[in-house]
Amino acid sequence: MPQTENLRRTALVTGGAKGIGRAVCLALAEKGMDIAVNFAGSAAAAEETAAACRALGVRAVTLQADVRRPENCQKLVEDTVAALGRIDVLVNNAGITADTLMLRMTEADFDNVLATNLKGAFFCTKAASRYMMRQRYGRIVSISSVVGLHGNAGQTNYAAAKAGLIGLTKSVAKEYAARQITANVVAPGFIDTDMTAAMPESARAAAAASIPAGKVGDAKDVAAAVAFLAGEQAGYVTGQVLCVDGGMGM
Ligand code: NAP
């Protein structure tokens, strides 16, 4: 669907340098959106992603910010608006794992994963939604996980954060529904990125064997779902969880 005439939509993607975030940046750029690529440590990869977006004919900037820090998130959103003029789409994608069994999990493991995967989304959503409310337009998409719906041994911290994102999103969706701001979740299953490459081979094989589609997903599969929810045409879809998991969570 073409964008509203004469209005170039802009999107901020947290953790946009690589993996799912990079694929989301490219999918939104393909829809004609200008892109702010957030990164924490991957400066060179972020610049490559931004260059790939520019090659699609849109504007793209890279912005460093640690989403665990509220002041970083506030500045990230302000810098996006300063660079691109507006913020129409926020994709809360930044995330980490610190997997271990419950009895071995430290408070630091728990706090760091919650701070990145859940509080980061809270800080960015809060900062972005001020602008979206003034614009009376916004699309917020947060990347959860099938683990947030079903749990997973060894991931109590990650599952708690990803389940929390669903509650956060549904609440935001209710608060903002009358202002043409939607909030939705995409819940990927097992996707081939650096995050899953770091898993032990036995865990990867077990996860892959549990996918009815018979194959691991690609970051582009997730990006296509995000692009739908981030588009103008999805204005009547809010508070939803869209699983992109090859049937893993059925
Ligand atoms: P990835 O390749 O490891 O990418 C994670 C991204 O998060 C990186 O770009 C990283 O940025 C960013 N990040 C981490 N900590 C950050 C912080 N404090 N501030 C800002 N950015 C930070 O993993 P991925 O698989 O693409 O994961 C993307 C999202 O999908 C995550 O939320 C993950 O939980 C979710 N997910 C993935 C899968 C899967 O199977 N891969 C399944 C379900 C959900 P830098 O590199 O710049 O540090």
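Student: What makes the pair formed by Asp66 and a nitrogen atom of the ligand a polar contact?

Tutor: A polar side-chain atom of Asp66 lies 2.9 Å from that nitrogen atom of the ligand, and a polar contact is a pair of N or O atoms within 3.5 Å, so the pair qualifies. A polar backbone atom of Val67 is 3.0 Å from a nitrogen atom of the ligand, and a polar backbone atom of Asn93 is 2.7 Å from an oxygen atom of the ligand. This is a predicted model, in which local features need pLDDT of at least 70 and side-chain atom pairs count only at pLDDT 80 or more, whereas totals for chains, interfaces and linings use all residues. Residues are numbered from 1 along each chain as its sequence is written, and side-chain values use heavy atoms, with hydrogens and water left out.

Student: Which residues surrounding the ligand are the closest?

Tutor: They are Ser42, Asn93, Tyr158, Ile191 and Thr193, out of 31 residues that surround the ligand, where near means that a heavy atom of the residue lies within 4 Å. The shell divides into 13 nonpolar, 13 polar and 5 charged residues.

Student: Why does the radius of gyration of the protein agree with that of a compact globule?

Tutor: The globule rule is 2.2 Å times the number of residues to the power 0.38, taken over C-alpha atoms; for 250 residues a compact globule would have a radius of gyration near 18 Å, and the protein has 17 Å, so the two agree. Buried residues, meaning those under 20% relative accessible area (1.4 Å probe, protein chains only), make up 48% of the 250 residues.

How values were computed: A polar contact is a pair of N or O atoms within 3.5 Å; within protein, one must be able to donate a hydrogen and the other to accept it, and residues adjacent in sequence count only if both atoms are side-chain atoms. Ala, Val, Leu, Ile, Met, Phe, Trp, Tyr, Cys and Pro count as nonpolar, Asp, Glu, Lys and Arg as charged, and the others, Gly among them, as polar. Buried means under 20% relative accessible area, exposed over 50%, partly exposed in between (1.4 Å probe, protein chains only).
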